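User: I have a structure open and would like to learn how to read it feature by feature. Could you walk me through it?

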Amino acid sequence: MKLPRSLFALALMGGLAACGAEPIWSEQHEIDRVAYRAPGPSTLTLITVINNRSGSGGHTGLLINGSQRVVWDPAGTWWSPNAPERNDLHYGMTDRMVDVYVDYHTRETYHSVIQEIQVSPEVAQQALQLAANYGAVPKAQCSLSTSKILSQLPGFESIPVGYFPTKTMDAFAKLPGVKTRKVYDDDPDDNSSKLPADG
């Protein structure tokens, strides 16, 4: 059963780090309706939201392009009716939905660091399965949960398990073949208008 989305809009007032374990379970037909896989190789893309003033990490997400493309948004506040969710894993991540996700997190006070690495289909699928099985993530554990998933993957054993998004980002940057880009925006800090109206 889905929880009222108005709860997430209220959570925005606490900022990006205000994350809580909110179990959500979209029906299978909703997921099947939006299932999407990006063309090209299988990839993992770490998305780290950085405070422009302090340089500290505000949030960690993981875009997985395996048998389908999903985003692991642990304890996050983003949602879309076009990206049904099961416990912090959002399905239907087309290019447009990825842009919406990044735009939601990027604003005058935060920028996003996008780090993509090509992986085998098996590793991508393992990441997807680990995220699907993880469950709803408690408040302030976005990087902890993501680093736990990454550290279990072949070739990612060097990723330390920890609470700090920038440390996960720095460790990810050391992996061979990572492509990095940064996204900046001057949108107002209050990004609640970027979420669909509830109901």
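User: Is aspartate 88 buried or exposed?

Analyst: Keep in mind that this is a predicted model. Buried means under 20% relative accessible area. Aspartate 88 has 4% relative accessibility, so this residue counts as buried. You will find aspartate 88 in the loop between strand E4 (85-86) and strand E5 (89-90). Look at its backbone too: phi of aspartate 88 is near 80°, a positive value in a residue other than glycine.

User: Which other residue has a positive phi although it is not a glycine?

Analyst: Alanine 140, with a phi of about 65°. Alanine 140 also sits in a loop, here between helix H4 (121-134) and helix H5 (142-151). Its relative accessibility is 42%, so alanine 140 counts as partly exposed, whereas aspartate 88 is buried.

User: What does the loop between H5 and helix H6 (165-173) hold?

Analyst: Glutamate 157 is one residue to look at there. Exposed means over 50% relative accessible area, and glutamate 157, at 55%, counts as exposed. A polar atom of its side chain lies 3.0 Å from the backbone nitrogen of glycine 155. You can also check a distance along the chain: glutamate 157 and serine 147 are 10 residues apart, and their C-alpha atoms are separated by 9.8 Å.

User: Where does asparagine 65 lie, and what does asparagine 65 touch?

Analyst: Asparagine 65 belongs to strand E2. With a relative accessible area of 2%, this residue is buried. Leaving out residues up to four places away in sequence, asparagine 65 touches Arg37, Ala38, Pro41, Ser42, Thr43 and Ala124. For proline 41 there is a polar detail as well: its backbone oxygen lies 3.4 Å from a polar atom of the asparagine 65 side chain.

User: Now a helix. Which residues of H3 are buried?

Analyst: They are Met97, Val98, Tyr101, Val102, Tyr104 and His105. To read a helix, look down its axis. Viewed that way, the buried residues of H3 fall within an arc of 160°, so they line one face of the helix.

User: How do I read empty space in a model?

Analyst: Rolling a probe the size of a water molecule over the atoms shows where empty space is left. In this structure, the largest pocket has a volume of about 310 Å³. Its lining has 19 residues, and Thr45, Leu63, Arg69, Val98 and Glu116 lie nearest the centre. Strand E1 (43-51), strand E2 (57-65), helix H3 (95-105), strand E6 (110-118) and strand E7 (179-183) each give two or more residues to that lining.

User: Which element gives the most to the lining of the largest pocket?

Analyst: H3 does, with four residues. Val98 links two parts of our tour: this residue is among the buried residues of H3 and among those nearest the pocket centre. Sorted by class, the lining has nine nonpolar, four polar and six charged residues.

User: Let's zoom out. How many helices and strands are there in the protein?

Analyst: The protein has six helices and seven strands. Along the sequence they follow the pattern α-α-β-β-β-β-β-α-β-α-α-α-β. Of the 199 residues, 52% are buried. For contacts, look at sequence separation: among those between residues at least 6 apart in sequence, 67% join residues at least 24 apart.

Notes
Residues numbered from 1 in each chain as written. Predicted model: local features only at pLDDT ≥ 70, side-chain atom pairs only at ≥ 80, totals over all residues. Heavy atoms only, no water. 1 Å grid on protein atoms, 1.4 Å probe; cavity = no way out; pocket = protein on both sides within 12 Å on 5 of 7 lines; lining within 4 Å. Points joined across faces, edges and corners; volume = space filled by probe spheres on them. Nonpolar A, V, L, I, M, F, W, Y, C, P; charged D, E, K, R; others polar. Buried < 20%, exposed > 50% of the residue type's maximum accessible area, 1.4 Å probe, protein only. Polar contact = N/O pair within 3.5 Å; in protein donor to acceptor, adjacent residues only side chain to side chain. Contact = heavy atoms within 4.5 Å. Arc of directions from axis to C-beta.
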